[in-house]
Amino acid sequence: MTFPKVLSPAAPKVPSPAGSGLDGVETLGYPLGALPSVRGPPRAPQIDPTRCDLDGACARECPTGAITLRGPGQPPGISLDYGKCLFCSLCVDACPHQALSSGPMEEMAVLDRSDLVLVRGAPTPAGAPHALREDLRKRVGHLFAGSLSIRTVDAGSCNGCEVEVGALSWPRYDLERLGIHIVASPRHADALLVTGPVTRNMRLALEKTYRAMPTPSFVVAVGACGISGGPFAASAEVEGGVDRVLPVEVYVPGCPPSPLALLYGLWLALGQVEQRMVSGELRSPPRS
Amino acid sequence: MSIPTREGEESPPASPPPTLAPTGDVWRRTRAEEEDLLLRLGLGPTRWSLGERMWWVSVHPDGWVAACEQVTGPLGHPLSTLFAEDVQDRGGGVQVHALFLGNDPTPGVHLCCPLGEREPKLPSLGGTLPYVVPFEREIAEMFGVEFEGALDRRPLLLHETHPRPPLRRGGPSPPSGVRAPYAFTPVEGEGVHEVAVGPVHAGVIEPGHFRFQVLGEKILDLETRFGYTHKGTERLFEGQTVGRGTVWAESVSGDMSVAGGVAYAHAVERALDLALPPEVEEARGLLLELERVAFLSGDVAGISLDVGYAVGAARANIQRERAYGLLQALTGSRLGRFAVGVGGFRRPLALETLDQIPGILRDISEAIQALFDLLLDKSSVVDRLQGTGIVPRWLAEMLHFLGPTARASGLRIDLRADRPYGAYHGREVRVPRGLAGDVLARLTVKVQEILEACRLATLFHRSLNGGVAWRVPVPAPNSSAAAGLGWVESPRGELLVYVQTGTDGRLQRVHVRDASFLTWPAIEFAVRGNIVPDFPLYNKSLNLSYSGYDR
């Protein structure tokens, strides 16, 4: 599937002189250019099935229950849900067989919730059919590829996601260069970016904001909380994920997802890139 | 680094009379003098609480108000936090705890008031200490305690009724789906109209509701309502292992993840009587100061943006990105999450970029300084900041505002200097102070704090060059219950985490008091006489946490 590329890659980055931050180009080329290298230790857990002996040490460590072992009476297996994962690496450290390692987490956004779930030791269940979504996605890409207006709603986040969504407007990420704008009112918006586990106290405001958007529109669930309730899923005060309340088109995992991950998620929503994460496995990026 | 002394190691001075003379802004007494004064005021018997580093006194409900007035009056400590705990499983009802932090070396006081199991009641402190009203409203809705004589009995964080108070023991108490009645204070008169803002705001910020009463262009009154981000976090701690509790401590306010993690870790480590090597604390100090640089640079950017000066915002946000880049390089998380843990760190820091840190911090310092000069050079910027959103000193003192807000109003309060913890023992921390209490004063204080944070981070970075023992072994929880208190000067001010472990070594009660909880009322006063369109400016200059308030 191809869409007309309405934008050309940004100029290559000129290293800015030390100090001022006044000269040179601060802004990244991504997602038009290549994914920049990310400093610091990677955080996304990956399971090596040849080493895993299903002893469950990782599952016991996981604070959000993202890792589960198949119960007794079923064929042995383990599943890892990146929609619940906080990328805290506790599971990686807990495994006595070094079956878990850490990988990058920037391009993990998916259109289908089930694509965030990795299942090992049993045949992978077939994902939901993409046909309908593909149709919608084409329409969205056609309508909004050159200009997308976003309204964000914090449905009870810890404000970590707000830092990163806000960072999209900083010079380094500069969302507007992609024709994407964060607007003040849902009446002006094509898409709703929702963070937080949807608290009981925010549910009504979230629904009203959604209804105030003109159609066609779509919803992006941001972060572990937005996807699954994250560490708050067990609380009686939260609904436990945006898709319990609204139809969600794109899921961007992370705690919080980095600005790069959010850029990728939005670019995916616009049909400008192929989804890399399929059934919980990150495929190598397609050649353009 | 001096680890706070253990009980018995410190011999009380022979017989110096307890002094009531203030030194500067604060009262300073030794631990023994503090106990002596407590006993002379009739507050006893006292017990030294090692995990909290303060004197513990049990108080009868009848003497509650008098005891609190003694501590805030003659002892001179403000009430730092008020919370309750259900102790049914230990043969009691509800206990109400009031913590009064002292300035080093004065330890401070923990007043504990056991209430009956049925229909727990306590006289309200609202008459003498107006800033305790939100605390009492929260305890009333979460534990079903009735505060006699309370003027404000509206719910605080819960918008729906609950069949049982949700923090009482005996299983979860989900919201009923029925909205609890809530009345805003009406303002009447010819030409007075109401402007309702929120919970969904125009910017990328958290949800909260603001109800303005406006006459013409002038704001007569503002009432805030929160609770929209209430996630029942304090309940989620219960029953968890002490190691895992970090996850929720870091999620109380995500832009202060490191501060939350360190405050929680300190609370548990003090409860377990665990001392860390100085280099571990200094590594934590490095993360704390980097977080402060990033956070406060964001405030400078926000203030600049809200007066329509986009260039300033862009330049400050470049510095903020640099600071988050450093946190990411060290921890793998831009917000410094999942790094700090009980007993040190959860994972070793990545030290490949360690030698670049001083250079980058120097660049940030210079860029922020240059930006500040630029802002002050623009009359159109200064005009919007000067005399706007004033929080007078008397108000900041009376309502116990914290952090940069209080400092900009002239109070010299900073836990790093007043009650040093971790890496700040024996370390000089320069505490900036404003006078006017307006947006310009808050901007000035925040700029100075960025420069000071860069200086401290460079110092802490130096002591890491020798490598660090990342984690000390955490002792297996023993069978006795223990309490611990963690305090950290977060970018928003004093952050407190109180931890009570049970006999099974798991978390029994965790209470988190963000600086925002005490400081939010500042906005209701700062806006009076100002205009509604400037509201984003007052809000950004205070930059308080909704999630930290609601939890």
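**Group meeting talk: charges, cores and cysteines**

Let's start with one residue, B:Glu524, which sits in helix α16 of chain B, residues 521-526. Keep in mind that this is a predicted model.

What is the nearest side chain of opposite charge to B:Glu524? That is B:Arg528, at 5.9 Å. A salt bridge needs a nitrogen and a carboxyl oxygen within 4 Å. B:Glu524 has no salt bridge, yet this residue is buried. What does B:Glu524 contact, once neighbours within four places in sequence are set aside? The contacts are B:Leu222, B:Glu223 and B:Thr224.

Now the charges that do pair. In general, side chains of opposite charge can pair when their charged atoms come close. Over all chains, the structure holds 36 salt bridges. I'll show three.

First on my list is B:Glu138 with B:Arg551. Their closest N and O atoms are 2.9 Å apart. This pair links distant parts of the chain, with the two positions 413 residues apart in numbering. B:Glu138 is in helix α3 of chain B, residues 133-143. B:Arg551 is in the segment after α18 (546-550) of chain B. Are these partners buried or exposed? Both B:Glu138 and B:Arg551 are buried.

Next, a local pair. B:Glu281 bridges to B:Arg284, with 3.6 Å between the closest N and O atoms. Both lie in helix α7 of chain B, three residues apart, or about one turn of the helix. An α-helix has 3.6 residues a turn, so residues three or four places apart point the same way. B:Glu281 is buried, and B:Arg284 is too.

Then B:Arg407 and B:Asp414. Their side chains meet in a salt bridge at 3.9 Å, N to O. Both residues are buried. They also belong to a network of salt bridges with shared partners. Which other residues are joined into that network? They are B:Glu289, B:Arg292, B:Arg416, B:Glu449 and B:Glu489.

On to the nonpolar side. The largest nonpolar core has 138 residues. Which members touch the most others? They are A:Ile180, B:Tyr264, B:Leu287, B:Phe345 and B:Leu385. Helix α7 of chain B, residues 278-306, gives the most to this core: 13 residues.

Take B:Leu385 from that list. Leaving out neighbours within four places in sequence, B:Leu385 is in contact with B:Ile303, B:Val307, B:Asp438, B:Val439, B:Leu440, B:Leu443 and B:Leu537. Another core lies apart from the largest one, and has 67 residues. Its members include B:Phe143, B:Phe212, B:Leu411 and B:Tyr546.

One helix deserves its own slide. Helix α14 of chain B covers residues 439-462, 24 residues in total. From first C-alpha to last, α14(B) reaches 35 Å. That is close to the 34 Å expected at 1.5 Å a residue. How many of its residues are buried? The count is 18 of 24, so α14(B) is mostly covered.

Last, the cysteines. How many disulfides does the structure hold over all chains? Zero. Take A:Cys161, which is in no disulfide. Its nearest cysteine sulfur belongs to A:Cys158, 6.5 Å away. The cut-off for a disulfide is 2.5 Å between sulfurs. A:Cys161 counts as buried because its relative accessibility is 10%, and buried means under 20%. A:Cys255 is in no disulfide either, with the sulfur of A:Cys225 nearest at 6.2 Å. A:Cys255 has a relative accessible area of 13%, so this residue is buried as well.

That's the tour. Questions, please.

Note on methods: Residues numbered from 1 in each chain as written. Chains lettered and ligands numbered in written order. Predicted model: local features only at pLDDT ≥ 70, side-chain atom pairs only at ≥ 80, totals over all residues. Heavy atoms only, no water. Helix = DSSP H or I, 4+ residues; strand = E, 2+ residues; numbered from the N terminus. Expected span 1.5 Å × (residues − 1). Buried < 20%, exposed > 50% of the residue type's maximum accessible area, 1.4 Å probe, protein only. Lys, Arg positive; Asp, Glu negative; His and termini not counted. Contact = heavy atoms within 4.5 Å. Core = buried A, V, L, I, M, F, W, Y, C linked by side-chain atoms within 4.5 Å.
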